[in-house]
Amino acid sequence: MIITKFLGIQTLPEKAATLIHTYLLLSLSGAFLGNLSSTFFILFAYDQIGISQASIVISVMLLVQLITDYPSGSLGDWIGQRWVLTIAMSCYGVFYYLLTITETFSGFLVLAFFNGLANAQASGALESWLDNNFQKAVGNTDPERKIYGFSIARITSMIRIIMALSFIIGGALATLISREHVFFIQAYLSFIMIILILFLVKDVKADIIEESQQLQPSGKEFLGFLLGGFRFLISSKTAFFFLVGMSMVFASFNVWGTLILFPIYFGYTGSDGLASVFRTILFFVGIPVGIVMANVSKKFSNDKVPHFYFLGILLYFPPFVVLLSIIPITNSFNFLGLIFTSLILTSSINCLLDVANILRGRMLLDLVPSENRNAVYSLIPTIISVFAIPLLPIAGTLIENFGLRAGIIVSLVLSFIGAFLIFFSLYFKKKSY
């Protein structure tokens, strides 16, 4: 099968290969569904209720997700990722349907609740299901998790293709018909996703003994699962520094993506339309590069994670500081600015940081205990929010007073601290042996 060869999973046991295929189908479907309206959702909110109230709605979404993210991960460990994903898709369906009929601020607050809850339920659930079952199904076939990392990297490249196509299709439908019709399509696709999840997201039963154990509840209360993620966080220096360091790196890119990236796109293109085209081009350029880097990742062990993060950060934030100093943004088309922007993004994100994330995923697969995996995977975005929420207004104030370069420096400092913590986590891991 062509797709099996592309994912590099020919040598895996049948159960493990089936898991990868299922994860691929659900990931691509979710990426298409979730990105149909991502380009114009905020513009739709601005048109309906104004910028000020729309910003409150976004804050409510983030707050609901922050409050419910970690408990939803514990819920996934307790009742299974299949049911948590079903809840998530049901909430997404309600959210998208409400978008087709809501015109008031109070209505947007209601749909914000459903969106935040859906994001929290979906956070880390599919990845937890895959990792838990892959461990059981793969046996000793992939001891260093290189096949796993390679296949996930290839899936990431395919997701980028689907996301780019989704941007284009969603934008075209919104232009030719209406934004509300796109939201209705997403509500309908959410229902289709529920059916797929119920049929496909099932746990691997390795043997008769394990099957009988799975049929009988463990007897642990939900509170035990709720505390499990925190227990793992403080269980060792390796776990603590790795999770906190990784979260700091991601929080730095949260600040970057929220406050800095799109102003740079607009600053060098001069229009929303050209900025969207440039964004789509970057996605397509990153696809073959990502495929190549999936092969490269096989040559490195997991302890190289901080090295790739350090190099990726060095080739990302400092070059943008230099670029903005040499070619200031003027909100008009600037060919040289776009060329250098694409070179920086491709060399750092699609090359070095892609490899770093592959190695990080391989390490998490064996580092995190299966019984608390969903809780831990949901704890990570919670920690990210803890760093990002206070930093966003700080960075925003600095950008307003000193320009985009000041915000970039905030992201640079935070990401470097995070990379150092990841380095320390691996130091303590080796020291414990």
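The following paragraphs lead from the chain as a whole to one helix and then to two individual residues.

The structure is a predicted model. Its secondary structure comes to 19 helices and 0 strands. For a chain of 433 residues, a compact globule would have a radius of gyration near 22 Å, and the value computed here, 22 Å, agrees with that expectation. Taken along the principal axes, the C-alpha atoms fill a box of roughly 65 × 50 × 45 Å.

Contacts and surface add to this overall picture. Among contacts between residues at least 6 apart in sequence, 85% join residues at least 24 apart. Of the 433 residues, 51% count as buried. The accessible surface comes to about 19,500 Å², and carbon and sulfur atoms account for 70% of that area. The chain carries 25 positive and 21 negative charges, and the mean positions of the two sets lie 9 Å apart.

Helix 15 offers a view of how one element is covered. This helix spans residues 305-314, and 7 of its 10 residues are buried, so the element is mostly covered. The buried residues are Val305, Pro306, Phe308, Tyr309, Phe310, Gly312 and Ile313. The cover over these buried residues of helix 15 includes helix 12 (237-259), helix 16 (317-326), helix 17 (335-367) and helix 19.

Helix 19 leads to the next residue, Ser425, which is located in this helix (residues 404-431). Ser425 has a relative accessible area of 0% and therefore counts as buried, the cut-off being under 20%. Leaving aside residues up to four places away in sequence, Ser425 touches Lys237, Thr238, Phe241 and Phe242. The side chain of Ser425 also has a polar atom 2.5 Å from the backbone oxygen of Ile422. Ile155, in turn, is 270 residues from Ser425 along the chain, and the C-alpha atoms of the two are separated by 28 Å.

Asn35 gives a second local example. This residue is found in helix 2, which covers residues 14-35. Is Asn35 buried or exposed? With a relative accessible area of 13%, Asn35 falls under the 20% cut-off and so is buried. Again leaving aside residues up to four places away in sequence, Asn35 touches Met163, Ser166 and Phe167.

Terms used:
Residues are numbered from 1 along each chain as its sequence is written. This is a predicted model: local features need pLDDT of at least 70, side-chain atom pairs count only at pLDDT 80 or more; totals for chains, interfaces and linings use all residues. Side-chain values use heavy atoms; hydrogens and water are left out. Helices (H or I, at least four residues) and strands (E, at least two) are DSSP runs, numbered from the N terminus. Buried means under 20% relative accessible area, exposed over 50%, partly exposed in between (1.4 Å probe, protein chains only). Contact means heavy atoms within 4.5 Å. A polar contact is a pair of N or O atoms within 3.5 Å; within protein, one must be able to donate a hydrogen and the other to accept it, and residues adjacent in sequence count only if both atoms are side-chain atoms. The radius of gyration is taken over C-alpha atoms; the globule rule is 2.2 Å times the number of residues to the power 0.38. Accessible areas come from the Shrake-Rupley method with a 1.4 Å probe; for residues, only the protein chains shown count as cover. Lys and Arg count as positive and Asp and Glu as negative; His and the chain ends are not counted. The place of a charge is taken as NZ of Lys, CZ of Arg, CG of Asp or CD of Glu.
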